[in-house]
Amino acid sequence: MKQVIHRIGLLWTMDDETHSDGPRCGAEAMRMVGAMQDAAIAIDEAGAIVEVGPQKVICDMADAQTEFIDAEGGFVAPGLVDPHTHLVHGGSREKELPLRMAGASYLDILRQGGGILSTVRETTAYSEEALLAQAKTSLDRMQRFGVTTLEAKTGYSSCLAVELKQLHVAERLAELSGVNMVHTAMPAHAVPKELPAGREAYIDELVAMLPHLHAAGAEFADVFVEEGVFSVEEGRHILGAAKALGMKTKIHADEMVPIGGAQLAAELGATSADHLLASTDEGLVSMAEAGVMAVCLPGTSFYLQKPAARARFMMDEAQLGVAIASDYNPGSCPSENFGLTMSLALLTLKMTPEEVFMAATRNAACALARERVAGVIRPGRSADIVIYAALNPEYVLTHFGISHVRQVLVKGRRIL
Ligand code: NIG
Ligand code: FE
């Protein structure tokens with residue numbers, strides 16, 4: 001036995017005795033956190049969990065070489081999974097806030113060539129090393145909040161070379177940091193103001209990038225399906241092409257206007273649909289029927305000063321599986337604080353603490369098709385674990401805006 005985490009006051013494994021994989025859908029299932037008191041976790045040389053159980057039983061398994069990690073009677077839960085970030089980008093966009101305060105909307109700013117398009121210009125101008133340095137600072141911050149798996153999208157680019165530059169930076173960061181990184185290709189993020197060859201040719205260009213991005217490591221494809229950005233038909237075309245390549249799909253759906261993004265996610269069998277601020281009942285129900293994970297982004301609705309997604313309807317009525325994500329990006333959610341995301345889920349999505357942790361661990365892993373890898377503490381799984389300097393999850397969530405994380409393990413290796 002290489003390591004034992006002992007003196008755990010309260011453990012939420014997010015598992016149960018059936019050891020089933022897959023999402024917890026609906027409120028009742030999302031509250032099944034697999035609570036254990038006075039527990040310990042044994043970890044082997046390979047960084048895998050060997051046994052989870054009562055303190056006394058696990059400690060008896062230790063030998064002379066075992067390293068003991070003391071949880072000091074605190075709360076322990078799976079490493080957090082952030083299934084939606086725009087980690088790699090150049091520059092920042094604080095100058096947009098006064099425009100928004102003066103009445104311009106997020107989409108107005110984009111239409112005028114600002115917003116995402118201004119980050120496209122900066123990201124294009126940044127060298128790979130400069131992008132890496134900025135994203136490394138962000139990733140360090142994320143890790144301090146207990147994130148052990150995260151998704152990183154491309155999408156601040158005008159051509160394939162810049163898409164590949166972002167993807168490459170995310171890959172290098174995964175290696176540098178030791179976190180588990182999932183790559184998403186999102187060339188269809190914004191439409192340039194001028195399209196010399198026309199819109200159809202532009203969409204063809206985006207589709208033509210996908211095989212290269214897939215070959216370079218992008219597992220998912222994502223499209224910003226929104227009024228004035230990409231239509232449902234364009235989303236269907238681009239994501240259909242991605243599926244034909246064997247890529248999994250995600251959609252930025254119904255963030256501002258419900259043009260049918262949720263329904264498209266259901267039709268395509270997307271792994272997740274994200275944002276969903278304006279989704280209709282029908283859209284959400286169709287997602288549940290198709291097994292699409294709903295990813296709510298409470299930091300984004302907070303920063304854009306919009307009503308939060310209807311997470312209670314999703315869980316109570318539609319019986320959806322709900323995950324949460326930071327959506328870290330320079331325009332609509334410039335914060336790497338996943339702890340704050342979780343507190344905002346409690347306060348603005350009106351989720352219970354159990355639902356919040358489920359949404360940030362097991363269900364978030366499902367939103368990245370990592371249900372067999374991350375999100376639960378179970379024998380055989382990689383030891384991605386957070387030890388909190390707090391006695392209970394309610395304290396972690398209500399004492400908001402700061403990190404309560406004491407230690408973070410990824411594959412049994414301390415990264416914090
Ligand atoms: O998820 N809505 C589209 N994309 C991002 C924002 C990107 C940006 O503003 O730079 C989002 O909110
Ligand atoms: Fe996003």
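Where is D327 found? Let's work up to that and a few other exercises on this predicted model, in which local features need pLDDT of at least 70, side-chain atom pairs count only at pLDDT 80 or more, and totals for chains, interfaces and linings use all residues. Residues are numbered from 1 along each chain as its sequence is written, while chains are lettered from A and ligands numbered from 1 in the order in which they are written.

**Exercise 1. Place D327 and describe its surroundings.**

Step 1: D327 sits in the loop between strand 13 (322–324) and helix 14 (338–347). Helices (H or I, at least four residues) and strands (E, at least two) are DSSP runs, numbered from the N terminus.

Step 2: D327 has 29 C-beta neighbours inside 10 Å, so it counts as buried. The scale is: buried with 20 or more other C-beta atoms within 10 Å, exposed with 12 or fewer, partly exposed in between, with C-beta atoms placed from the backbone.

Step 3: Leaving aside neighbours within four places in sequence, the contacts of D327 include H84, T85 and L297. Contact means that the C-beta atoms, placed from the backbone, lie within 7 Å.

**Exercise 2. Find out which residues the UniProt annotation "binding site" covers, and whether they are gathered or scattered.**

Step 1: The annotation, from an unreviewed UniProt entry, covers H84, H86, H252 and D327. Its positions are given in the numbering used here, feature names are shortened, and annotations may be inferred rather than shown by experiment.

Step 2: These residues span 244 residues in sequence, yet no two of their C-alpha atoms are more than 12.2 Å apart, so they gather at one spot.

Step 3: Take H84, in the loop between strand 6 (80–82) and helix 3 (96–101). H84 is buried, with 30 other C-beta atoms within 10 Å. Beyond four places in sequence, its contacts include E151, D274 and D327.

**Exercise 3. Describe how helix 7 meets helix 8.**

Step 1: The axes of helix 7 (residues 160–177) and helix 8 (residues 199–215) come within 10 Å and cross at roughly 30 degrees. That makes the two helices roughly parallel (angles under 35 degrees).

Step 2: The residues in contact are L160, E163, L164 and L167 of helix 7 with M209, H212 and L213 of helix 8.

**Exercise 4. Is S177 of helix 7 buried or partly exposed?**

Step 1: S177 has 17 C-beta neighbours inside 10 Å, so it counts as partly exposed.

Step 2: Outside its neighbours within four places in sequence, S177 is in contact with L139, Q143 and I415.

Notes
Axes are lines fitted to C-alpha atoms, for helices over the stretch in contact, and angles run from 0 to 180 degrees between N-to-C directions. Angles under 35 degrees count as roughly parallel, over 145 as roughly antiparallel, 65 to 115 as roughly perpendicular and the rest as oblique. Two residues are in contact if their C-beta atoms, placed from the backbone, lie within 7 Å.
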